[in-house]
Amino acid sequence: MLSNKVNIHRQKFRAGLSYVEIIMATMIMSILLVAALNLFANLGRSKTNVMKHDASTVASLDLIKEIMERNYKDPTTPTDFGADPCELIGGNRSFYDDIDDYNNLIEHPPKYLDGTNIPGYEDMTRSTKVRWVKASDFTQTSLVDQGYKEVTITLKNSKNKVVLEHVYVLADTPQMLSY
Ligand SMILES: [Ca+2]
Ligand SMILES: [Ca+2]
């Protein structure tokens with residue numbers, strides 16, 4: 001009889017949860033919840049970073065497309081490097097006519113050819129560097145023109161962190177002749 005009472009008491013005790021088990025379960029739930037929140041936060045950051053990277057790629061490709069449409073050398077001052085003073089009038093790129101006119105161009109935010117801001121890039125900076133590179137090794141700067149110019153376009157975010165950097169080497173190729 002006494003033995004049966006003890007068994008019933010044990011069964012009742014095992015049917016419920018102890019305080020220790022409840023506390024442990026609560027702790028595990030809390031850890032899982034924090035992990036889940038961190039995961040969602042990281043996913044959100046990743047998505048933002050991808051969007052910024054995509055936008056930076058567009059800003060870089062648009063500018064290199066424009067630069068590739070310019071002459072390799074300035075038609076009137078072919079031995080000079082950089083933009084001529086008269087090409088800086090207006091504070092935009094509309095008078096640029098050769099590749100090295102874009103050297104040291106810094107835009108915050110990136111701008112269209114006519115100098116108006118490109119929407120959506122308010123917190124970004126687009127910088128462009130141009131240099132002569134050696135025909136035998138494009139990674140080396142050349143002090144004279146050997147027929148190749150390297151163009152580096154860099155996009156930075158509001159924290160001055162590089163989001164993207166594209167490097168192009170453009171050759172002094174003869175212009176296509178049309179008849
Ligand atoms: Ca020039
Ligand atoms: Ca020029």
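Two strands are taken to pair if DSSP finds at least two bridges between them. In this predicted model, strands S2 and S3 meet that criterion, since two bridges join them in an antiparallel arrangement. Within this pair, Lys134 stands opposite Asp137 in S3, and the hairpin that connects S2 to S3 passes through two residues. Strand S3, residues 137–141, is hardly covered, for none of its five residues counts as buried.

The wider architecture can now be set out. The chain contains two helices and five strands, and from the N terminus on the order of its elements is α-α-β-β-β-β-β. Of its 179 residues, 14% count as buried. Among contacts between residues at least 6 apart in sequence, 45% join residues at least 24 apart.

Confidence varies along the chain. The mean pLDDT is 86, and 83% of the residues reach 70 or more. Among the elements, strand S2 (residues 125–134) has the highest mean pLDDT, 98, whereas helix H1 (residues 2–15) has the lowest, 55. Where pLDDT is low, the predicted coordinates should not be read in detail.

A second antiparallel pair is made by strand S4 (residues 148–156) and strand S5 (residues 162–171), which nine bridges join. Here Ile153 stands opposite His166 in S5. S4 and S5 form a hairpin with five residues between them. The loop between these strands contains Asn160, which has a positive phi of about 65 degrees although it is not a glycine. Asn160 counts as exposed because it has 7 C-beta neighbours inside 10 Å, and a residue with 12 or fewer is classed in that way.

The interior is represented by the largest nonpolar core, which has 13 residues. Those with the most contacts inside this core are Ala59, Leu63, Ile67, Ile99, Tyr102, Val130 and Val151. The elements that give two or more residues to this core are helix H2 (19–68) and S4. Leu63 can be followed further: leaving aside its neighbours within four places in sequence, Leu63 is in contact with Arg126, Thr128 and Ile153. Ile153 is the residue of the S4–S5 pair that stands opposite His166.

The loop between H2 and strand S1 (105–107) holds Asp74. Why does Asp74 count as buried? The reason is that Asp74 has 21 C-beta neighbours inside 10 Å, where 20 or more suffice. Beyond its neighbours within four places in sequence, Asp74 is in contact with Asp80, Asp84, Asp97 and Asp98. The C-alpha atoms of Asp74 and Tyr96 are separated by 9.0 Å, although these residues lie 22 residues apart along the chain.

Asn104 is also placed in the loop between H2 and S1. Its phi is near 65 degrees, a positive value in a residue other than glycine. Asn104 counts as exposed because 11 C-beta neighbours lie inside 10 Å.

A further backbone feature belongs to the loop between S1 and S2, where Pro109 is located. The peptide bond from His108 to Pro109 is cis, with omega near -5 degrees.

Note on methods. Residues numbered from 1 in each chain as written. Chains lettered and ligands numbered in written order. Predicted model: local features only at pLDDT ≥ 70, side-chain atom pairs only at ≥ 80, totals over all residues. pLDDT = per-residue confidence, 0-100. Helix = DSSP H or I, 4+ residues; strand = E, 2+ residues; numbered from the N terminus. Contact = placed C-beta atoms within 7 Å. Core = buried A, V, L, I, M, F, W, Y, C linked by C-beta atoms within 7 Å.
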